[in-house]
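Hi,

Here is the structure I said I would pass on. Have a look through it first, and then read my notes below.

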Amino acid sequence: YNYRNIEVESNANSDWLSFINNRIVEGYDGIYSPSSYADQFTITGNTFYSQQYGGIEIYYSNFVTVHDNVIITNDNSGINGIYLYDVDSLVSVQRNSVTGGVSGNGINIQYCDGTSSQHFLIANNFVQIGSNANTSEGIYIVSGGYNDVVHNTVNVTYPSSNHRGIRINSGGNHQVLNNNVRAEGGTAYYVNNGNVIADTDA
């Protein structure tokens, strides 16, 4: 488990990378990129099975598309199924399925910014996570702006007050609309500060 299946070198000047219709099995991460020099990612139609930490982990990139991936984990540790950190400029996370995490975050979006005209879109994803009392959050947003969390289905399955279906921690101008969320024993929709929300029906 102490390796990554696909890793973009941290100093790599690698744009227009596409990972399409692959089957990626085990390892610590499925696809991992810490490079601020790698933009224009397309990650679509892949199946990730039994990673220890997460399926997709991308840092400091622009123009990222994560669509139609299936992430299945049976590991006993916490996961980040899809983790994007400081990823900006026309980003779309749609129609992905993340299932089986014992704890952790299904989709974890941190310090990622859209704009008033081009929102960051997290839509039509399915997340099932949580099989112990450790903190599990289906979709977790930290800081950033103009993140639209819409039309997602989230099921946090183990009964615990530590669980949250969708958590918006900070940032601004976020929209949370038309999601189907269940958090057994916890909170379906949790916002640290209501001022960060531009529109919601929760």
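To start with a ring: which residue lies over the face of tyrosine 190? That is arginine 164, at 4.3 Å from the ring centre. Keep in mind that this is a predicted model, so everything here is computed from predicted coordinates.

On confidence, the average pLDDT of the chain is 92, and 98% of the residues score at least 70. Element by element, the lowest mean pLDDT, 90, belongs to strand S1 (residues 4-7), while strand S11 (residues 92-94) has the highest, at 98.

Now the core. The largest nonpolar core has 39 residues, and Ile82 and Leu84 are the ones that touch the most other members. Strand S10 (residues 79-85) supplies the largest share of this core, namely three residues. If you want to look around leucine 84, leave out anything up to four places away in sequence and you find it touching Ile58, Val91, Val93, Asn108, Ile109, Gln110, Cys112 and Phe120. As a general point, nonpolar side chains in soluble globular proteins tend to be buried together.

Next, the aromatics. I get nine aromatic pairs in the structure. One of them joins phenylalanine 19 and phenylalanine 41, and it is stacked, with 6.4 Å centre to centre and 20° between the planes. The two rings come from distant parts of the chain: phenylalanine 19 sits in strand S2 (residues 17-20) and phenylalanine 41 in strand S5 (residues 41-44), 22 residues apart. Are these two buried or exposed? Phenylalanine 19 counts as buried because its relative accessibility is 13%, under the 20% cut-off. Phenylalanine 41 is buried as well, with a relative accessible area of 1%.

Another pair is made by tyrosine 32 and tyrosine 59, this one edge-to-face, at 6.1 Å centre to centre and with 70° between the planes. It also links distant parts of the chain, since tyrosine 32 belongs to strand S4 (residues 29-33) and tyrosine 59 to strand S7 (residues 54-59), 27 residues apart. Both tyrosine 32 and tyrosine 59 are buried. They are also part of a cluster that ring pairs build from Tyr32, Tyr59, Tyr60, Tyr83, Tyr85 and Tyr111. Tyrosine 32 has a charged neighbour too: arginine 4 lies over the face of its ring, 3.7 Å from the ring centre.

Then the strand pairing. S2 and S5, the strands that carry the phenylalanine pair, run in the parallel sense and share four bridges. Serine 18 is placed opposite threonine 42 in S5. S5 also pairs with strand S8 (residues 64-67), again in the parallel sense and over four bridges. There, isoleucine 43 faces valine 66 in S8 as its opposite residue. While you look at these, recall that side chains in a regular strand alternate between the two faces of the sheet.

Some loop residues deserve a click as well. Which non-glycine residues have a positive phi? Glutamine 40 has one, of about 60°, and arginine 95 has a positive phi of about 60° too. You will find glutamine 40 in the loop between S4 and S5, and arginine 95 in the loop between S11 and strand S12 (97-101). Glutamine 40 is partly exposed, with a relative accessible area of 22%. Arginine 95 also counts as partly exposed, at 41% relative accessibility.

Asparagine 169 is another loop residue, between strand S19 (164-168) and strand S20 (174-177). What does asparagine 169 touch, not counting residues up to four places away in sequence? Its contacts are Tyr140, Ile141, Val142 and Asn192. Glycine 194 is 25 residues from asparagine 169 in sequence, and their C-alpha atoms are 9.6 Å apart in space.

Last, glutamate 7, which lies in strand S1. Glutamate 7 is partly exposed, with a relative accessible area of 45%. From its C-alpha to that of threonine 135, 128 residues apart along the chain, the separation is 28 Å.

Shout if anything on your screen looks odd.

Cheers

Technical notes
Residues are numbered from 1 along each chain as its sequence is written. This is a predicted model: local features need pLDDT of at least 70, side-chain atom pairs count only at pLDDT 80 or more; totals for chains, interfaces and linings use all residues. Side-chain values use heavy atoms; hydrogens and water are left out. A nonpolar core is a set of buried Ala, Val, Leu, Ile, Met, Phe, Trp, Tyr and Cys residues joined through side-chain atoms within 4.5 Å. Buried means under 20% relative accessible area, exposed over 50%, partly exposed in between (1.4 Å probe, protein chains only). Helices (H or I, at least four residues) and strands (E, at least two) are DSSP runs, numbered from the N terminus. Contact means heavy atoms within 4.5 Å. Rings of Phe, Tyr and Trp (its six-membered ring) pair if their centres lie within 6.5 Å; planes under 30 degrees apart count as stacked, over 60 as edge-to-face and the rest as tilted. A charge sits over a ring if NZ of Lys or CZ of Arg is within 6 Å of the ring centre and within 35 degrees of the ring normal. pLDDT is the predictor's confidence in each residue, from 0 to 100. Two strands pair if DSSP finds at least two bridges between them.
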